[in-house]
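User: Could you teach me how to read cores, buried polar residues and surface patches in a structure?

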Amino acid sequence: MGVKARKASKKAIKKASSQFPNSDSKTASADFLPLEGGPREIPETKPLQNSATVLYVGRIPHGFYEKEMEAYFQQFGAIKRLRIARNKKTGKSKHFGFIEFENPQVAEVVADCMHNYLLFEHLLQVRLIPPEHVHPKLWRGFNYKFKPVDYVQIERKRHNKVRTLEEHKKLVEKIIKRDTKRRKRIEAAGIDYECPEIVGSGQSAPKKIKFDED
């Protein structure tokens, strides 16, 4: 680069720098002026407080039911509500449930301490449920004591009930109809088998028949 070219480049640099005002000069732009009243203090952001009081408890072992859970978890703090999911027909536990504590800090401690806790060869799964995710019908009937239905007793009463003569005839007709279908399936399969006769189809009516009074 020649001497003339160097001089020309220096002039161009000076000309370009003169277009930007100095921050120390009185004619500085408003963007670089100091703030009025001194530097502003940034407010400290407080961490969000946990308000969740409901816990999900999964992998509950067999035999660890409402009374046992309440007696065990009361060592952490006061329990407000507790329920275990059960089958509507049999009343058996579905091995998961929910606990609500009165204090959110207690619920947080329980979630930290009892998650993956080994109990009766089961690793408990304990998690906090945010208040906005708690179903409104979660605690409906939580204190209801399930009474399992004795279907064997119901079937026994239905089978041993006193029937009229017409009801007895209908019952025998259904049995014979099922037996004839069974014999046809056996013959279609090519099996040589003599089905025994149904006892009671040609006999007199049994004792447990209610006759119509004239």
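Analyst: Let's go through these features in turn. Keep in mind that this is a predicted model.

User: Which residues have the most contacts inside the largest nonpolar core?

Analyst: The general idea comes first: in soluble globular proteins, nonpolar side chains tend to be buried together. Here, the largest nonpolar core has 19 residues, and Met-69, Phe-73, Ile-99 and Phe-101 have the most contacts inside it. Two or more residues each come from β1 (54–58), α2 (66–73), β2 (79–86), β3 (93–101) and α3 (104–114). The largest share, five residues, is given by α3. Leaving out residues up to four places away in sequence, Phe-73 touches Phe-64, Ile-79, Ile-99, Phe-101, Val-110 and Met-114. There is also a second, separate core of five residues, including Val-54, Phe-98, Ile-129 and Trp-139.

User: Now a polar residue: is Gln-125 buried or exposed?

Analyst: Gln-125 counts as buried because its relative accessibility is 17%, and the cut-off for buried is under 20%. This residue lies in strand β6 (residues 125–129). Its side chain makes polar contacts with the side chains of Asn-116 (3.1 Å) and Arg-127 (3.4 Å). Beyond neighbours within four places in sequence, Gln-125 is in contact with Tyr-56, Val-57, Gly-58, Arg-59, His-115 and Asn-116.

User: And which residues form a nonpolar patch on the surface?

Analyst: Val-149, Tyr-151 and Ile-154 do, with about 290 Å² of accessible area together. Tyr-151 sits in helix α4 (residues 151–159). With 49% relative accessibility, Tyr-151 counts as partly exposed, because the exposed class needs over 50%.

Definitions and conventions: Residues are numbered from 1 along each chain as its sequence is written. This is a predicted model: local features need pLDDT of at least 70, side-chain atom pairs count only at pLDDT 80 or more; totals for chains, interfaces and linings use all residues. Side-chain values use heavy atoms; hydrogens and water are left out. Patches are made of residues with over 30% relative accessible area and no salt bridge: like charges are joined within 9 Å, nonpolar side chains (Val, Leu, Ile, Met, Phe, Trp, Tyr) within 5 Å. Accessible areas come from the Shrake-Rupley method with a 1.4 Å probe; for residues, only the protein chains shown count as cover. A salt bridge is a side-chain nitrogen of Lys or Arg within 4 Å of a carboxyl oxygen of Asp or Glu. Helices (H or I, at least four residues) and strands (E, at least two) are DSSP runs, numbered from the N terminus. Buried means under 20% relative accessible area, exposed over 50%, partly exposed in between (1.4 Å probe, protein chains only). A polar contact is a pair of N or O atoms within 3.5 Å; within protein, one must be able to donate a hydrogen and the other to accept it, and residues adjacent in sequence count only if both atoms are side-chain atoms. Contact means heavy atoms within 4.5 Å. A nonpolar core is a set of buried Ala, Val, Leu, Ile, Met, Phe, Trp, Tyr and Cys residues joined through side-chain atoms within 4.5 Å.
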